[in-house]
Amino acid sequence: MPADTTFMDKLTALCKRRGFIYQSSEIYGGIGGFWDYGPMGVELKRNIKDLWWHDMVTNSPVGPDGREIEMVGVDCSIIMNPKVWEASGHATGFKDPMVSCKTEGCKGLFRADQLASTPCPLKPSKMAGQHDKCQLTEPRAFNLMFETFVGAVQDESAKAFLRPETAQGIFANFKNVLDTSRVKVPFGIAQVGKSFRNEINPRNYTFRSREFEQMEIEFFCHERDSMQWYEFWRKVRYDWYVNLGLKSEKLRLRDQGKEELAHYSKACADIEYLFPFSDEFQELEGVAHRGNYDLTQHAKFSGKDLTYFDDEAWERDRAARAASPQGAWSKDEERELKTKPPYRFLPTVIEPSAGADRATLAFLCAAYTEDQAPDDKGVMQTRVVMKLHPQLAPVKVAVFPLVNRETMPDVAAAICRDVKRHMTAFYDDKGAIGRRYRRQDEIGTPFCVTVDGKTIASDTSDPEAGTVTIRDRDSLAQVRVPKDGVLAWLRDKLGK
Ligand code: GAP
């Protein structure tokens, strides 16, 4: 399928119009690679992060043995001791190849490996390097970490970095978590937070930004079970996106080839989505088998013992040995055995690493739909509707008085207040009812409740007296529900 730029133009216009995404510091002309989320965007992205945390941490998935896996969380600082980045390899290895153009009027900086898909600033529009005038330099390595200084003195000794991934905060705290919680291998540590990369060519809306949020898990397990956990996380993470509305025909799991794998990695799969801005699948999340590389590096650079001691296996084997004909181990044997596998070891890590902004963009792309719906006069019109999964929708329900007469506004406002205690709800009494529906359709509100003449009717012989209409965003079907039963009806439908 060719890239659909018209689709992206429509989507970005809607995101601006309805308060999902704005250019950062737009009133000053913006700043490349930085984005702001508006009132609807912040709710959508928070729903994504909250659901991720709920589904992966607080209500963690059931593991291969049929038990809920053990998961805890951390929230680490963005600026860390610079030694962290030496240990992780980012200080020396986190680089992209960059070329610059020496031509007057261009002076562009480009990623050397993306020239064919990066527009050249010169006219007529071509790709970087394709104009006769282009004078590209040889590629040179550019480190993507943002630098800053800690404290008042701006010299080498005060230099620090904004974290380029949340993962290293987890590894650096591995021992703290072990010592202060009851976790036992296998277990995972999760973190959601900002990361920063000084991308050479940020592009495709929020897809490749310079500031973004990650949702990462480092799952610590025995090496012998690691491939089973790797397969487990591949599936859990793929299914998570599908369950929240990404179509499986646009989502794929791509196993990296041997030549793509880091030297310490046994396997890595990318969860890729067919975004409308490209005719190729693009990475949404990576699930990597990282061996025990990160803990090994941090143990080496910090000089700290980051090994895990399996006290359950130790106590079990020690008791079994004592009960055996050979008798208990000697004190020296015990001391020696306690320092080695299978009792003491560096766990192997499986890392599902997702981007909250990329997930938000994928859900927005998947939700954008145009269909036909009747306007106030019954004439069919093109309707723009964001078919977001109800759990992701920024607003769950909108409540309207049909007209601003009699007690309709009061009854509608009271229903809205009642519902708001349990879910995001929005009261709207401005403009024609059809226009109010359209506004909610464009932000993906699954249900609209309308208070009309029947709701406030005093004629109790009418079976519909005292009921409201509830309209379904996708099917446009309307049902009548007693006004006192609205909250229960919505909670049932939304599982809230
Ligand atoms: N700890 C592993 C790690 O950071 P990564 O593939 O570099 O792996 C993981 O990043 C995820 O973070 C990506 O799959 C993507 O969703 C998100 N991500 C990475 N760079 C990004 C950027 N410049 N803008 C938006 N999201 C990004």
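A polar contact is taken here as a pair of N or O atoms within 3.5 Å; within protein, one must be able to donate a hydrogen and the other to accept it, and residues adjacent in sequence count only if both atoms are side-chain atoms. The model is predicted, with local features requiring pLDDT of at least 70 and side-chain atom pairs counted only at pLDDT 80 or more, while totals for chains, interfaces and linings use all residues. Residues are numbered from 1 along each chain as its sequence is written, and side-chain values use heavy atoms, with hydrogens and water left out.

**Figure 1. The ligand and its surrounding shell.** A polar side-chain atom of Glu351 lies 3.0 Å from a nitrogen atom of the ligand. Oxygen atoms of the ligand are approached by polar side-chain atoms of Arg197, at 2.8 Å, and of Gln214, at 3.0 Å. The protein buries 88% of the 550 Å² that the ligand exposes when taken alone (Shrake-Rupley method, 1.4 Å probe; for residues, only the protein chains shown count as cover). The shell around the ligand holds 19 residues, of which Glu165, Arg197, Ser209, Glu216 and Glu283 come nearest; a residue is near a molecule or strand if one of its heavy atoms lies within 4 Å of it. Nine residues of this shell are charged, five are polar and five are nonpolar. In this classification Ala, Val, Leu, Ile, Met, Phe, Trp, Tyr, Cys and Pro count as nonpolar, Asp, Glu, Lys and Arg as charged, and the others, Gly among them, as polar. At least two shell residues come from each of strand S10 (211-221), strand S13 (282-291) and strand S16 (348-355). Helices (H or I, at least four residues) and strands (E, at least two) are DSSP runs, numbered from the N terminus.

**Figure 2. Surroundings of Glu272 in strand S12.** Glu272 belongs to strand S12, which spans residues 267-273. With a relative accessible area of 5%, Glu272 is buried; buried means under 20% relative accessible area, exposed over 50%, and partly exposed in between (1.4 Å probe, protein chains only). The side chains of Glu272 and Arg254 form a polar contact of 3.0 Å. Beyond neighbours within four places in sequence, the contacts of Glu272 (heavy atoms within 4.5 Å) are Lys250, Leu251, Arg252, Arg254, Phe281, Gln282, Glu283 and Leu284. One of these residues, Glu283, is also among those that come nearest to the ligand.

**Figure 3. The nonpolar cores.** A nonpolar core is a set of buried Ala, Val, Leu, Ile, Met, Phe, Trp, Tyr and Cys residues joined through side-chain atoms within 4.5 Å. The largest has 60 residues, and within it Leu11, Trp233, Tyr241 and Phe363 touch the most other members. Apart from this core lies another, of 20 residues, which includes Val419, Val449, Ile470 and Leu487. Phe363 is in contact with Ile48, Trp240, Tyr241, Leu244, Leu246, Leu388 and Leu392, residues up to four places away in sequence being excluded.

**Figure 4. Val451 in strand S21.** Strand S21 (residues 447-451) contains Val451, which is buried at 0% relative accessibility. Setting aside residues up to four places away in sequence, Val451 touches Phe400, Pro401, Leu402, Met408, Val411, Ala412, Ile415 and Val468. Val451 and Ala413 lie 38 residues apart in sequence, with a C-alpha to C-alpha distance of 9.7 Å.

**Figure 5. Helix H13 and the residue after it.** Helix H13 (residues 433-443) is largely enclosed by the rest of the structure, because eight of its 11 residues are buried. The buried residues are Ile433, Gly434, Arg436, Tyr437, Gln440, Asp441, Glu442 and Ile443. Gly444, just after H13, takes a positive phi of about 85°.

**Figure 6. Asn59 in a loop and Asp371 in a strand.** Asn59 is located in the loop between helix H2 (39-58) and strand S3 (70-73). Asn59 is partly exposed, with a relative accessible area of 38%, and touches His54 and Glu68 when residues up to four places away in sequence are not counted. The C-alpha atoms of Asn59 and Ile69 are separated by 9.1 Å, the two residues being 10 apart along the chain. Asp371, in strand S17 (residues 368-374), counts as buried at 19% relative accessibility. Outside its neighbours within four places in sequence, Asp371 is in contact with Gln381, Thr382, Arg383, Val385 and Lys387.
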